[in-house]
Amino acid sequence: MNQDYIKADPWSIIEEGFAAEQVKSSESLFSIGNGAMGQRANFEETYSGETFQGSYIAGVYYPDKTRVGWWKNGYPEYFAKVLNAPNWIGINVFVNGTPIDLATCKVSNYRRELNMQEGWYKRSFNAILKNETEIHVEAIRFLSLNLDEIGAISYKIRVINMDAEVVFEPYLDSGITNEDSNWDDKFWNTTSAEVFGDRAYIEAHTMKTNFKTCTFMQASLHYNNTSIAGVTGASHDTFVSLKYTQNIKKGEELTLIKYGGYTVSRNHDETELKSAANTVLDEVSVIGFDFLLKKQKAAWAAIWDMSDIVIEGDVKAQQGIRFNIFQLNQTYLGTDSRLNIGPKGFTGEKYGGSTYWDTEAYCIPFYMATKDDKVARKLLKYRYNHLEKAIENAEKLGFGNGAALYPMVTMNGEECHNEWEITFEEIHRNGAIAFAIYNYYRYTGDYSYIPEMGLEVLIGIAKFWFQRANYSQSKEKYVILGVTGPNEYENNVNNNWYTNYLAKWCIQYTLEQLLKVKDGYPEDYHRIIGKTKLTTVECERWKKVADEMYFPFDKNYDVYLQQDGFLDKDLVKVADLEKTQRPINQKWSWDRILRSPYIKQADVLQGFYFFEDHFTLGELEKHFDFYEPFTVHESSLSPCVHSIQAAKLGRMEQAYKFYLRTSRLDLDDYNKEVEEGLHITSMAGTWMSIVEGFGGMRIINDKLCFTPQIPKQWETYSFKVNFRNRIIKVRVTANKVTFELIGDREVSIRVNDKKVELIPNKLVVV
C-alpha cells in the first residue's frame with residue numbers, strides 16, 4: 001500500500017491532520033530550495049519527536065573517509081557527503097512558560113501546504129499546551145529566488161483561551177551532525193558566535209575542505225501592527241539566540257519575522273562573510289517580508305510560464321508533474337557552472353556527491369527545453385572543467401595516454417564512490433557524458449561547445465574505451481569484460497550490450513567530430529591535437545575497435561543479450577513472482593539478486609532510448625517485450641524510459657501507468673524511502689515521459705518532430721519547449737493538436753511525419 005495522505009491539488013502539496021509517523025516523510029515532500037541553498041521542512045519550533053533535520057548549502061561538502069573492510073587499489077580515499085549545514089530556521093516559542101512542541105501537546109486543525117505556483121511553504125495548527133493554554137499558529141517560509149542567500153519566515157501566534165506571556169527565541173545552531181557519517185567525524189568547526197542588536201552570526205568552516213561560512217539571522221517582533229523593541233541576545237560555542245518577551249491579550253496575534261541564510265567563501269572573500277551578510281540583511285530590511293514574498297511569486301511565475309505542463313482531467317497526474325518540475329527548479333537554476341544536480345537535491349543526504357550520470361542522461365533534456373541553452377551548456381562545461389580529474393581517475397585504475405574515466409559520484413571531479421562493482425565497473429557513465437554532448441548540439445544547434453571544450457572530453461573518453469576493450473581470439477571481436485551496466489542487479493558481467501554499444505558509438509562519434517573540427521575550426525583542432533597528443537595511427541586503432549566490437553545476440557529470441565550469461569539464468573518473469581517477495585532489494589540476499597534475471601532499470605532498453613534512430617520499431621518492440629517483463633523498476637530512473645518506449649509502441653495504457661509511477665514516485669512513496677529525501681534527478685524523466693513519450697518530441701534530420709498521443713484519462717495537456725531560441729507551445733486533445741510559435745522567426749517542424757510551417761503568434765491546428 002502506497003502512502004496516500006497528500007491531498008490531490010493541481011498547484012499545492014497539502015497535508016491535513018497531524019500524524020507523528022508522517023513527519024519525516026513530510027519533511028522531504030515539503031522541502032524548499034532556491035538553487036543556492038535548501039532545507040527539509042523541519043518545524044521552526046521545538047519538536048521532541050522523531051525528525052530528520054537538514055539544511056544544505058550548494059557546493060559545500062565534506063570528504064568523509066572511506067569505510068570498507070577490504071581495500072582495493074583504486075578506491076577513492078573518501079565519500080563526499082552533502083553536508084547538513086548550520087540551522088538558521090529555529091525559533092523556540094514559550095507560552096506562559098511552556099514550550100510549543102507538537103510531540104507533547106494536543107494538536108488539531110493541522111495543515112501544511114507547499115504552494116508550488118508561488119514558491120512558499122505554510123504550516124498552521126491549533127494546539128493545547130501542557131499548561132492548558134490554547135493557541136493557533138501560522139508559519140510561512142520561503143527561500144528567495146531574487147536574493148538567493150536569504151530565506152524568510154513569518155511566525156504568527158494567537159492565544160485563544162486566555163491572556164498570555166509569549167517568548168520568542170529565534171536562534172542559529174552550528175552544533176549539528178549528519179545522519180550518515182562513516183566515522184562520526186566532526187564536520188564543522190565553529191569559530192565565532194555573536195549577537196549585535198537584532199542580528200546574529202555564526203562563522204564556521206568545514207573540516208578538511210575548509211569552506212568558510214557565515215550563518216546569519218535578523219528578527220523583529222510585531223504586535224497590533226507595531227514593531228516591539230527590547231530584544232536581548234545570548235551566545236555560546238555553537239549556538240546564538242535572540243529573545244523577545246511580550247504579554248498579549250486573549251484572541252490577539254503576535255508575529256515574529258525572521259530572515260536568515262548563508263554567505264559562503266565560494267562566493268565571497270572569506271574575510272568579508274559577515275559584511276556580505278549585513279549587505280543582504282540591509283537590503284531585505286528595506287524590502288520587507290511582504291514585498292520579498294511578492295517578488296518570490298513573480299520569479300516563480302516567470303519559471304512556470306516556460307516550464308509548466310498543464311493537464312486537464314487528471315488532478316493527480318497534474319499535481320505529480322508540477323511537483324517534479326518545481327523540485328528540479330528548486331535544485332538547479334543554471335546560474336553557476338560550478339554546481340550540478342544531486343540525486344537528492346536539498347532534501348536529504350543519501351547518495352552523497354552532487355553529480356551522477358543522471359545529469360547527462362535525464363536532466364539535460366529538461367533544462368535545454370525549459371531554459372535557454374546557456375543553462376545546459378553550463379552543465380556540459382562542468383564536465384569539461386573536471387576533465388583533468390577524469391584523466392587522474394583513469395590513471396588510478398591503470399589507464400594512460402590521456403584516457404579519461406569520469407566518476408560515478410563526485411563533488412569536484414574526483415571519484416568518491418567506493419563499491420567496487422560501481423567504482424571500477426559501472427563505466428557506462430562515460431558514454432552518457434559523450435551522448436549529452438551530441439544531444440546538446442542536436443537540440444540547440446550550438447556547435448561551438450565541441451571545438452571549445454567538448455572535443456577534448458570526447459577524445460579522453462574514446463581513449464578510455466580503446467584501452468578498456470580487448471581482443472578475443474575465440475570471438476575474433478573486441479570485448480569489454482568485468483562491467484556493471486545500468487542494471488545494477490548484475491555485477492562483474494562480460495559484454496554488457498549497452499556498455500559495448502556506447503563504447504562503439506563514442507569512438508565513432510569522436511572520429512566524426514575530429515574531422516568536422518579539423519575542417520571548420522582549424523585553430524581549435526591544432527590546439528586540441530597538441531594538447532592531447534592524438535595521432536592518426538591512434539585514431540585508426542580506435543576505428544578498428546569500434547568496427548569489430550562484439551555484441552551478444554540470441555537467434556532464438558532474436559534479441560541482443562543484456563550480457564553474455566543472461567540466458568543462463570532462471571527466466572521467471574516478474575509477474576510470476578509472489579508479491580511478498582517484492583521489492584527484491586529489501587527481501588532478497590544480494591547473492592540471490594545477482595543470480596536472478598531481474599532488472600533494476602532500463603539497460604538494453606536504455607540503449608534503445610538513446611539510439612532509437614539506429615533501430616526499427618519492430619526491433620524496439622521485440623526487445624521491450626523481452627526485457628520489460630523481467631524489470632522490477634526498483635530504480636527511480638526506470639519508469640520514465642519504459643513510459644517513453646511504451647508510448648512509442650502505441651501502448652498508451654502501459655505508458656500512462658509508468659508515467660503515474662514516475663510522477664508520483666515520492667508523493668505516493670512507491671519505494672518506501674521518501675523520508676530519506678526526494679528523487680530529484682529522476683524527476684526530469686517525468687517531464688520526458690510527457691514531452692518525449694506522449695508528445696513524441698524528437699529531433700530527426702535537424703528538424704523538431706512530434707507524434708502526439710494522449711492518455712484516455714486526460715482531456716488535454718500542453719507544454720512549451722524552447723527550440724533554438726524559438727518558444728513553441730503544444731496543446732494536445734483527443735482529436736487535434738495545436739501549435740503556437742512565440743517569437744519573431746518562423747520555423748518548420750514535422751507532425752506525424754508531415755511538414756508544418758509555424759508562423760509567429762499564429763495558431764496552427766493539426
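Which glycine just after helix 7 takes a positive phi? The residue is glycine 398, and its phi is about 100°. The model described here is a predicted one, and this report treats helix 7, the nonpolar cores, two buried polar side chains and a set of salt bridges.

**Helix 7 and the loop that follows**

Helix 7 comprises residues 387–396, and its buried residues are Leu387, Ala390, Ile391, Asn393 and Ala394. These residues lie on the same side of helix 7, because they cover an arc of only 155° around the axis. The cover over the buried residues of helix 7 includes helix 6 (373–385) and helix 10 (449–468).

Beyond helix 7, glycine 400 belongs to the loop that leads to helix 8 (420–423). Glycine 400 has a relative accessibility of 26% and therefore counts as partly exposed. Between glycine 400 and asparagine 418 there are 22 Å in space, C-alpha to C-alpha, for a separation of 18 residues in sequence.

**Arginine 468 in helix 10**

Helix 10, part of the cover of helix 7, also contains arginine 468. This arginine is buried but has no salt bridge. The nearest side chain of opposite charge is that of glutamate 425, and it is 5.7 Å away. A salt bridge requires a side-chain nitrogen of Lys or Arg within 4 Å of a carboxyl oxygen of Asp or Glu.

The side chain of arginine 468 does reach a backbone atom: the oxygen of glycine 482, at 2.9 Å. When neighbours within four places in sequence are left aside, arginine 468 is in contact with Phe399, Phe424 and Ile427, and also with Val479, Ile480, Leu481, Gly482 and Val483.

**Nonpolar cores**

The largest nonpolar core has 229 residues, and within it Phe168 and Ile728 touch the most other members. Helix 11 (residues 497–520) supplies the largest share of this core, with 12 residues. Apart from this core lies another, of 19 residues, among them Ala152, Phe216, Ile257 and Val280.

The surroundings of phenylalanine 168 can be listed with neighbours within four places in sequence left aside. Its contacts are Ile91, Asn92, Val93, Tyr155, Ile157, Leu221, Leu242, Lys243, Tyr244, Leu254 and Leu256.

**Tyrosine 262 in strand 20**

Tyrosine 262 is located in strand 20 (residues 253–264). With a relative accessible area of 4%, tyrosine 262 is buried. A polar atom of the tyrosine 262 side chain lies 2.5 Å from the backbone oxygen of proline 86.

Again leaving aside neighbours within four places in sequence, tyrosine 262 is in contact with Met37, Ser55, Ile57, Ala85, Pro86, Trp88, Glu149, Cys214, Thr215 and Phe216. One of these contacts, Phe216, is among the residues of the 19-residue core. Tyrosine 262 and tyrosine 659 are 397 residues apart in sequence, and their C-alpha atoms are 38 Å apart in space.

**Salt bridges**

Side chains of opposite charge can pair when their charged atoms come close. The structure holds 47 salt bridges, including the following three.

| Acidic residue | Basic residue | Closest N to O distance |
|---|---|---|
| Glutamate 548 | Lysine 544 | 3.0 Å |
| Aspartate 591 | Arginine 595 | 2.8 Å |
| Glutamate 653 | Lysine 712 | 2.5 Å |

In the pair of glutamate 548 and lysine 544, glutamate 548 is partly exposed at 23% relative accessibility, and lysine 544 is partly exposed at 40%.

Aspartate 591 and arginine 595 are separated by about one helical turn, because they are four residues apart in helix 15 (residues 590–595). Aspartate 591 is partly exposed at 46% relative accessibility, whereas arginine 595 is exposed, with a relative accessible area of 55%.

The bridge between glutamate 653 and lysine 712 links distant parts of the chain, the two residues being 59 residues apart. Glutamate 653 is in helix 19 (residues 652–663), while lysine 712 is in the loop between strand 27 (703–706) and strand 28 (716–723). Glutamate 653 is partly exposed, with a relative accessible area of 32%, and lysine 712 is exposed at 67% relative accessibility.

Salt bridges with shared partners also join Glu44, Glu45, Arg123 and Arg141 into one network.

Conventions: Residues numbered from 1 in each chain as written. Predicted model: local features only at pLDDT ≥ 70, side-chain atom pairs only at ≥ 80, totals over all residues. Heavy atoms only, no water. Buried < 20%, exposed > 50% of the residue type's maximum accessible area, 1.4 Å probe, protein only. Arc of directions from axis to C-beta. Contact = heavy atoms within 4.5 Å. Core = buried A, V, L, I, M, F, W, Y, C linked by side-chain atoms within 4.5 Å. Lys, Arg positive; Asp, Glu negative; His and termini not counted. Polar contact = N/O pair within 3.5 Å; in protein donor to acceptor, adjacent residues only side chain to side chain.
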